[in-house]
6 protein chains.
Amino acid sequence: MSDHYQPPTDPYRPRFAGIATLMRMPHVPDPAGLDVAMAGVPYDLGTWIRPGARTGPAQVREASRFLRTHNVATGVAPFDLCQVADLGDAPVDPMDNEGSLAAITEFFRAISAAGAVPLAIGGDHTIPLLILRGMRAGGALPAPVALVQVDAHADVLQIGPGFAGAQVNHGTFARIAIDEGLVDGHRSVQVGLRGTQYSADVNAYGREAGVRQIYQHEFEDLGPDGTLAEIRERAGDGPVYITIDVDGLDPTACPGTGYPEPGGLTVRELQRILRGLRGLDVVGADVCEVAPALDPSGATARVAAELAFEELCLLAEAKARRDG
Amino acid sequence: MSDHYQPPTDPYRPRFAGIATLMRMPHVPDPAGLDVAMAGVPYDLGTWIRPGARTGPAQVREASRFLRTHNVATGVAPFDLCQVADLGDAPVDPMDNEGSLAAITEFFRAISAAGAVPLAIGGDHTIPLLILRGMRAGGALPAPVALVQVDAHADVLQIGPGFAGAQVNHGTFARIAIDEGLVDGHRSVQVGLRGTQYSADVNAYGREAGVRQIYQHEFEDLGPDGTLAEIRERAGDGPVYITIDVDGLDPTACPGTGYPEPGGLTVRELQRILRGLRGLDVVGADVCEVAPALDPSGATARVAAELAFEELCLLAEAKARRDG
Amino acid sequence: MSDHYQPPTDPYRPRFAGIATLMRMPHVPDPAGLDVAMAGVPYDLGTWIRPGARTGPAQVREASRFLRTHNVATGVAPFDLCQVADLGDAPVDPMDNEGSLAAITEFFRAISAAGAVPLAIGGDHTIPLLILRGMRAGGALPAPVALVQVDAHADVLQIGPGFAGAQVNHGTFARIAIDEGLVDGHRSVQVGLRGTQYSADVNAYGREAGVRQIYQHEFEDLGPDGTLAEIRERAGDGPVYITIDVDGLDPTACPGTGYPEPGGLTVRELQRILRGLRGLDVVGADVCEVAPALDPSGATARVAAELAFEELCLLAEAKARRDG
Amino acid sequence: MSDHYQPPTDPYRPRFAGIATLMRMPHVPDPAGLDVAMAGVPYDLGTWIRPGARTGPAQVREASRFLRTHNVATGVAPFDLCQVADLGDAPVDPMDNEGSLAAITEFFRAISAAGAVPLAIGGDHTIPLLILRGMRAGGALPAPVALVQVDAHADVLQIGPGFAGAQVNHGTFARIAIDEGLVDGHRSVQVGLRGTQYSADVNAYGREAGVRQIYQHEFEDLGPDGTLAEIRERAGDGPVYITIDVDGLDPTACPGTGYPEPGGLTVRELQRILRGLRGLDVVGADVCEVAPALDPSGATARVAAELAFEELCLLAEAKARRDG
Amino acid sequence: MSDHYQPPTDPYRPRFAGIATLMRMPHVPDPAGLDVAMAGVPYDLGTWIRPGARTGPAQVREASRFLRTHNVATGVAPFDLCQVADLGDAPVDPMDNEGSLAAITEFFRAISAAGAVPLAIGGDHTIPLLILRGMRAGGALPAPVALVQVDAHADVLQIGPGFAGAQVNHGTFARIAIDEGLVDGHRSVQVGLRGTQYSADVNAYGREAGVRQIYQHEFEDLGPDGTLAEIRERAGDGPVYITIDVDGLDPTACPGTGYPEPGGLTVRELQRILRGLRGLDVVGADVCEVAPALDPSGATARVAAELAFEELCLLAEAKARRDG
Amino acid sequence: MSDHYQPPTDPYRPRFAGIATLMRMPHVPDPAGLDVAMAGVPYDLGTWIRPGARTGPAQVREASRFLRTHNVATGVAPFDLCQVADLGDAPVDPMDNEGSLAAITEFFRAISAAGAVPLAIGGDHTIPLLILRGMRAGGALPAPVALVQVDAHADVLQIGPGFAGAQVNHGTFARIAIDEGLVDGHRSVQVGLRGTQYSADVNAYGREAGVRQIYQHEFEDLGPDGTLAEIRERAGDGPVYITIDVDGLDPTACPGTGYPEPGGLTVRELQRILRGLRGLDVVGADVCEVAPALDPSGATARVAAELAFEELCLLAEAKARRDG
């Protein structure tokens, strides 16, 4: 393990100093040789209502300065288990939506092709679709993944001109990912769903595709442990992708997001769920929808960084397991 | 139902666009023909410590842009059940307290006389008294209501010059409403009471009038479901008025209020309580004490808007039931 | 004059109360019969770096509550001179950029066709192009206008995929407006230009088209009065369109904008310039690039509202003059 | 001089430490023996639009921690010249407007009767009237004062129920002070007037009473020195009262106030004016309308503290001169 | 009891008015005659990452204006039980760390020597060590105390030049206090521990010294009541010192602190724990690490004030018991 | 020139994306081969009143994303003239002040020894002393420099334990630099001095050493051009070091600093002064005292970045001149 990258420990390099990278890990532009490739995706052209998540990666990099190396609850030390680095940001041109979608997809294809698993910091909630497309193109997704989605919204809408089909954006990613066979609805669970709805049946597409949709009012009785049981049973031994839209958490914890919905998960509930996913075959993960302009205090990004670390622990353990 | 007002659904009228009205419903200045009359009450001359709730209606209008049409937990679609509109604001002259009290009362009298039930956005917590007076004057309150009050403070003080009697203000409304026979203490419940107190017996007036005062430290053991059971048992089949002072919620959820008291209800707890009131004969409701200057982020107003929607669902169902 | 709309003066309708409209004027959805049509344009899909101006109209409506009826410096009372109202917002679909560009253009065409002059609140700085296109389509622009542009940036770039031609966006509007013959470069002046530049010749397109580009470091010596002299000499008797990107002002006055450039105009300097434009044939005007999430205090929107009032005075006087 | 109070200079009592008092001077509840009595007036019941100045004194006390002892521009050291202390706050009951007006007046009567001159921190701009009334009752105003008023608004309105006469509030103080013979209009000057107006002649009352009203657009040409010349010529040798509504300054400097008007004085201009008043017989002064909730950063209060120090220098020199 | 100090109750001295002291109690610079000596400690030179707690006492004084006199949950009225006052701040020189450590220690020695128990407002979390040293020097700690520490971090690190031994700072106080025999590890409990860790064994020192370290993920199952049981069993009848680092609470409740760790205690949980400590022999207490610049809203300080009041109730009851 | 580093221009690497470095230049940890070495100095242990500047470099890196490549006023393109890079941050241990002072000095010694000139981002205003010491040790300062200091405070105090001599901190740097022969007082100028003073003669040390101290009230008459004339005449042909404490600017432009003094320079005035220094032999420069926690909006850092770019232009031109 001693040959893996580690964040600096020299007392003359305190955590508030130096160039900001994710979790204070080296900035390594090439995924070759990495086990976990952390990267930002400064894309928010898929945002319907309040844009701004394009600067999420920058703010999460700053906030991740607070992170240390060991998971207090599980004992996992991901930087000991794996080679982890910050690849920088995926390419995005804010004046070219179609080009950006393609470029992001290609970026994650290259990561997968290099044998690394992705840990992405959004950007809006369009990006899990692009990551999954990239992973498939890179050969990393022979079968559909189980999606563990933490989110206030199911993201199975039909938004786009003419409403004839679903345009790629942050309200449709899960629908399209199911459509394209990237996600296996029957193995997937959505947690944190809530808020007023557009119609009685707005989330029907997901439900009919087999997704277990745990609404927040149901979660009140189910709790983190009941939720965990359902996720683990459904996900089984197959590959799992974890995506966290920070609006799945309560706006008191994550105010800096485009469409806050009062009455969401606490950080503690979500930490318990994530820590309970140990042993699943997690093959990719992200944290999305941090919109810095809506929370200049950085509290939202601070939470996002903490969640990304939990995801990293899962990714690192799974990777180490697979590498035997 | 197709002839009821609905918020716009045209994709070219997205929710961030257009003149701000409550829940994006039409601005209809005349209550005739309405079932539920939503209105702002930009009054805060009854505030003892930190004024500012007079601009609460404006901020809640903005925040209510996020609301959609269906209640995810109960399935209720209030705009399908009823004719609902935004009447605008009650008349207030900030240089004339007595005149303002009278004008607000008359405003709600006219709503009641027109056959509509009120859903008011404060303004400080003086206004439930004025609404109830107006409802009685308008013929809508033949008997005292059961008061369901969410609040950190019982509002049964004796504030005013000489302390000889209780002046009409935001610390006395419940006392005076009981005094005037507008509220039946024995059918009423207060939830969220907490904070340091002026004396050992500062809330005695309410208790002696029969009000069930659920202090927050008692709520810890009772929970939302135990609270609900008490409310439902007391309220019975008679008319119910719901008033929410946002300081009943924890300051993490609602920092933008005049007298925050750490250690309050979570949004989830209150949502569960409100949703559990289905079937009661709710005849009026309000959300008060949003003070925008104390929370320019709008998070408090966002919560207030969500709670107003829950109240609207209860009002709409009750109204539809009564109209059979 | 007594038959023109006026903001409410009833003491029981104080300026903090009621539905927010521009300058507290009536919301009149149809331009027929109006002299000056005020409208919001909640569009920011043309933003390159930091989006968010789509909610500018909502915040400016709130901030314009502070406005009264008479210009203290010039004595002009625009609501006495003209029929003025708030048309609401132009149609925009945030998931359909091309459709939105067309819809906004059509919105302003209809205003022009109805005989009204536009006063628009952005939205990003793409919109003057769309307004001018709409005015021409509506028959209101027989000849190119003189553009008076207050802005830190000349907006004559070539941004877009492949950089082969200039895409319609907020960095290119002036270039395209000149290209399309909507603006007469030789009669036009840009004020407030500053900041670091992409290259030595990034603004050459405008200069070669005859535009007088007054950089801020030149303005230091020229001053408001020297600037005014140049504008008036160039604009002459022909039609004038005034566009204000709030980043032309110093970020201390207008922090809530996408690309602030330290070292800009003071409000007082710009007020003096705008008031000095009396007598010019102003046929349209706008204030753009207020991004509320970047200034929740509303100070930027407060300035924008004040500037819009100055523009309104110019529009109203010119309209009254034309109508004889 | 060695027997005058001084702020602590012990390095173990740094300026951020200790109980907050005005300018770190002792809290002395009794005016007897003082030359200059500094006091807060936590009153804002006279506010028309946005209340909140009642907590101004508390925030200015905090901000005045930054103040040292010597005026860098004039060399005046007020604590060497005079006995100065912080009396605490005037009595106010937020539930009793009439009683509060009387109690504040009596508070300042007692100060004057004790032979001290007042330096007051508001509170809204009602309070100069109450201070002047108190000074007269205390025997300190044998003749009307020259008023030097820094303000965006002339405060000569007729606000109040029925609009039959002017109610005591923050929009009428100057009118009533002239009416009551407390202020000599012909010796008085108002600086900073601006903003949109209610009518063509809204400030006529003051002008007809002889007040020199320097509008901001006129100030552009007059400058601080021209303004000073006018003030000094008018004020002459008689007693002068200085009142500063912080909205006279530009909102970039003082955003935390109820009715900001873009385009106001800079701090530097006002400093030059105040320093130029040396030699006038200043007998009282105040700084008003700091509304902390509208500027939690404290920047507005920081400016207010600096201006209060400039006023203190003038008061102290004049007092020392009178005492020979 | 009638001869004890009380906060003012005169309606003309409302809580927002007057000089800010802790809980609106008199400022009494001499501890003689006091039972509980409240004091600020404006020291943050022991801060590793984000300084700023030196202004904590000032902000908590302001926030404590909201406090009344009776504990709603326990009925305790501390000002009736004891003589309580605000001593002002301990001496600190920000340019002299060693001198400051000594001066603070001496300050608390004098309090103890005068027979008062301390209630301190930090300042960073170095200060409990200094208080305990002072108490011992003053004769008030014949035996080691049981430490009840609410904190995200165990503060048993070895930070300092050369890392050879533990320097006195806010990451080492508990280690040194155990080392010096001020704290009895076996009777002590730490609550709220969480966050990523520097190593697998970073907190071993405390654990080996017998401290019961309740990590937050363990607290999820233990709850406030289970935690209470452990504290009470360990603390027994001996002396107890309570120290609260506000980062023990969740950052949603206390964002204004140097090293926030998402996923902490709620205010309600901590209130329940503190109230459950009645009957223990509490001999001193503090609330630390409020960093005002990181939360200008004052919400963190508001919570800190409420917690200090809970501590005061425990101190007052214990003191009254001891004085029998 | 084509072989010099340049910031990215690829449209798929927009300025909001990617790892944050100063001016988007490469992060190059070794100064060998550089002409201008940009670096952060995350040190604020020399701060007397309000610490926090240790995170200044991180925030300025973020804010410098807005910078482009050409100086609009002077035409200078520094990245064409020189090899410029971001070295990262100087080593600092917040628990070891003496060690940190030595380490920072050594860091700048190495830069000078490598032949590069430093452009430093503070950190507090102690650091120019350390930079100058490092430059001398590195052989780059054969003679004392002319100091051009923009600052509200002259920094010639005697702060430190016992007050016997001047401790190295942010209130003493200029005094010690003169004492040590690093700065030639007679060739030096301080601009922006203002604020209340500790005594009549607090700045005498500098004046007696020949420094031209331009107080702000004198600057009102002198203006930028008069100031420039004095600087140029004094500095002559010898080496010049420019240091900017952002509190030299007005707090409206730079609120995020430890000791704001209302009434300072505008950005425009300072830009004019800096641009007027072309042709001087500038051998080093810095911008200090950005304290991010006091301005989370980043506006202060935005100004600091712009000023650093102006300094870079001067450094690059001088370097190119020297290199012939």
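Q: In this predicted model, which residue of chain B comes closest to the rotation axis?
A: Two copies of a chain are related by a rotation about an axis and a shift along it. In this predicted model, chain B is superposed on chain E by a rotation of 120° with 0.0 Å of shift along the axis, and the RMSD is 0.0 Å. Judged by its C-alpha, which lies 3.4 Å from that axis, the residue of chain B that comes closest is Thr252(B).

Q: What kind of axis relates chain C to chain F?
A: Chain C can be laid on chain F, with an RMSD of 0.0 Å, by a turn of 120° and a shift of 0.0 Å along the axis. A turn of that kind is the relation of a three-fold axis.

Q: Why do the copies, chain B and chain E, count as meeting through different surfaces?
A: The question turns on how many interface residues of chain B are also interface residues in chain E. The copies meet through different surfaces because the share of the interface residues of chain B that are also interface residues in chain E is only 3%.

Q: How do helix H7 of chain C and helix H8 of chain F lie, roughly parallel or roughly perpendicular to each other?
A: Helix H7 (residues 216–235) of chain C packs on helix H8 (residues 267–275) of chain F with the axes 11 Å apart and at an angle of about 105°. The contact brings together residues of H7(C), including Phe219(C) and Glu220(C), and Arg268(F), Arg272(F) and Arg275(F) of H8(F). Because angles of 65 to 115 degrees count as roughly perpendicular, H7(C) and H8(F) are roughly perpendicular.

Q: Which residue stands opposite Gln213(F) of strand S6?
A: In strand S6 (residues 212–215) of chain F, Arg212(F) and Ile214(F) point one way while Gln213(F) and Tyr215(F) point the other way, and all of these residues are buried. Strand S5 (residues 189–193) of chain F pairs with S6(F) in the parallel sense over four bridges. Within this pair of strands, the residue opposite Gln213(F) is Gln190(F).

Q: How many disulfides are there over all chains?
A: A disulfide needs two cysteine sulfur atoms within 2.5 Å of each other. Cys288(D) is in no disulfide, since the nearest cysteine sulfur, that of Cys254(D), is 12 Å away, and Cys288(D) is buried, with a relative accessible area of 0%. Cys288(E) is likewise in no disulfide, with the sulfur of Cys254(E) as its nearest, 12 Å away. Over all chains, the count of disulfides comes to zero.

Definitions and conventions
Residues numbered from 1 in each chain as written. Chains lettered and ligands numbered in written order. Predicted model: local features only at pLDDT ≥ 70, side-chain atom pairs only at ≥ 80, totals over all residues. Heavy atoms only, no water. Buried < 20%, exposed > 50% of the residue type's maximum accessible area, 1.4 Å probe, protein only. Least-squares fit on C-alpha atoms with pLDDT ≥ 70 in both. Helix = DSSP H or I, 4+ residues; strand = E, 2+ residues; numbered from the N terminus. Pairing = 2+ DSSP bridges. Axes fitted to C-alpha atoms, helices over the stretch in contact; angles between N-to-C directions. Parallel < 35°, antiparallel > 145°, perpendicular 65-115°, else oblique. Contact = heavy atoms within 4.5 Å.
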